[in-house]
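Good morning, and thank you for joining this session. Please look at the model on the screen while I go through a few side-chain arrangements and the places where they occur.

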Amino acid sequence: MTQPEPKPRAAAAGSGTQPEEADRLREMLRSPGYLRTLVFCGLIGIPVSLVAFWFLVALHELEHLMWSDLPEALGRSGPPWWWPLPLLPVAGVLVALVVTHLPGAGGHIPAKGLQPGGATSKALPGVIIAALVGLPLGATLGPEAPLIALGAGLAMLFRDLARAPATPQTMALLGAAGSAAAIAVIFGNPLIGAVLLMEVAGVGGPQLFAVMLPALLSSGVGALVFTGFDRWTGLDTAGLRLELSGPFPHLDTGDVVWSLLMAVVIGVLVHLVFAGGRLAASFVAARPVAAPVLCALGAGVCGALYAVITGRSPGEVALSGQATMAQMSADPHGWGVGALIAVLAFKGAAYALCLGSLRGGPVFPALFLGAATGVLLAPLPGLGVIPGMAAGMAAASAAALKLPVSSVVLVAMLLGSTAMIPVVILAAVVAFITTELLPPGHGIPPAGTPMRPAGARAPGSHA
């Protein structure tokens, strides 16, 4: 027979809250139900990570087939300029069929940003199919949102098979655990999976950001001051550090100033891209069959025009940008100013169209746009290529995802060094604040909602 839980004692303002929170934490950790859930979450990570791995392998192989093997079979060294024109409309048709005929509508709309969980076990087939038919055919989106939904859906499926208790708390924990295990596979790091899911879940609401942003900003400024004094005086405080080899430059005033200005510009541009994505989503909601095809065709036209104008591969505008970003970081001087401006314009437009019409994640295209902006602006006096790319990626990901801490961790992980963390933090915070202060724009109506002309009154309304 269980003992009734003791009633919480009223605590005076400003006193007793921390001990009570600690007591509740200890009680939760001693709870057999929570411990069973914790063990179950650990076990779930094994099959979820395996499925996520093979899902990413399938995406990679299909992408290689469509953009490398088939052009080579036609006697070409790479995809011709017109290659996205037939592929992306086919992706639009297939995704539209999944959205309109399968449970779960193929996952959430990318223009809404990343969302926790997002898929039940019944919606899982639609999420997988929408990603497999859209992303390899050239959708300017990444695989991270389908992975989050895949992890959550698999966790729910395993819970059903194990007949575990279906309380709201248990389902939330299992969904978060499954999503974190899946997302860690694509980024190759368990830390980013945990941090990303913590921010996506929105634990703490606006108060979390209200407390977190000043702490994040002050830590970035403090790191700059510490680094500056360390170099100016030549003294060592014997702090914890790892000696990493790499051509990472020392930050200076130019890097900081240009990074702050760049973050404002990128925040505005990414905000406009997502506003375009929301408009595309509204268009698709009113025409759920024809509109995805038209939007996908528009994205294909962007890739074809880019290839005609620059003579480069249309795959640099289509697809997620993950492989192209790796090539750019390895040889940033191989991109001329004209090519960088063109890829920013055309990929930004294709990104907006795909955000509202197809299924995938917003992370990788945003990172690519930020990296390309950093390379474009690197010749500015006092700004280097590496600080420019680091600040650009941080600003673009924070503006797109509205997750500043995750953006900092993600970019630091991609760089493989902590040398650029101060400008990464400053750029992420400034871009996040910039996008939050801009007008939010119109929301995304559910599928099938008819659009009314501007100025028209809703049914039943009176003048």
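A helix here is a DSSP run of H or I with at least four residues, and such runs are numbered from the N terminus. The model is predicted, and local features are described where pLDDT is at least 70.

With that term in place, I begin with T435, which belongs to helix α16, residues 421-437. Is T435 buried or exposed? T435 counts as buried because its relative accessibility is 3%, and the limit for that class is under 20%. Leaving aside residues up to four places away in sequence, T435 is in contact with G267, H271, A399 and K402.

K402, one of those contacts of T435, deserves attention of its own. K402 is found in the loop between α14 (385-401) and α15 (404-415). Its backbone has a phi near 60 degrees, a positive value in a residue other than glycine. With a relative accessible area of 31%, K402 is partly exposed. Which residue forms a salt bridge with K402? The partner is E436, and the closest N and O atoms are 3.7 Å apart. Because K402 lies in the loop between α14 and α15 while E436 lies in helix α16, this pair ties together parts that are 34 residues apart in sequence. E436 is itself partly exposed, at a relative accessible area of 45%.

In general terms, side chains of opposite charge can pair when their charged atoms come close. How many salt bridges does the rule give for this model? The count is two. Besides the pair of K402 and E436, there is a salt bridge between R312 and E316, with 3.0 Å between the closest N and O atoms. The accessibilities of these two residues may be set side by side: R312 is partly exposed, with a relative accessible area of 26%, whereas E316 is buried, with 8%.

R312 also takes part in a second kind of arrangement. Its charged end sits over the ring of W335, 3.9 Å from the centre of that ring. A lysine is placed in a comparable way: K347 lies over the face of F368, at 5.1 Å from the ring centre.

I turn next to L319, in the loop between α10 (290-310) and α11 (322-330). L319 has a positive phi, near 65 degrees, although the residue is other than glycine. L319 counts as buried, since its relative accessibility is 9%.

The last topic is aromatic pairs. A pair of aromatic rings is described by the distance of the centres and the angle of the planes. By the rule applied here there are three aromatic pairs. One of them is formed by F53 and W54, which meet edge-to-face, with 5.1 Å from centre to centre and 75 degrees between the planes. F53 is partly exposed, at a relative accessible area of 42%, and W54 counts as exposed, at 55% relative accessibility.

How are the rings of W82 and W83 arranged? Their centres are 5.5 Å apart and their planes stand at 50 degrees, so the pair is tilted. W82 counts as partly exposed, at 31% relative accessibility, whereas W83 counts as buried, at 7%.

That brings me to the end of the presentation, and I would welcome your comments.

Technical notes
Residues are numbered from 1 along each chain as its sequence is written. This is a predicted model: local features need pLDDT of at least 70, side-chain atom pairs count only at pLDDT 80 or more; totals for chains, interfaces and linings use all residues. Side-chain values use heavy atoms; hydrogens and water are left out. Helices (H or I, at least four residues) and strands (E, at least two) are DSSP runs, numbered from the N terminus. Buried means under 20% relative accessible area, exposed over 50%, partly exposed in between (1.4 Å probe, protein chains only). Rings of Phe, Tyr and Trp (its six-membered ring) pair if their centres lie within 6.5 Å; planes under 30 degrees apart count as stacked, over 60 as edge-to-face and the rest as tilted. A charge sits over a ring if NZ of Lys or CZ of Arg is within 6 Å of the ring centre and within 35 degrees of the ring normal. Contact means heavy atoms within 4.5 Å. A salt bridge is a side-chain nitrogen of Lys or Arg within 4 Å of a carboxyl oxygen of Asp or Glu.
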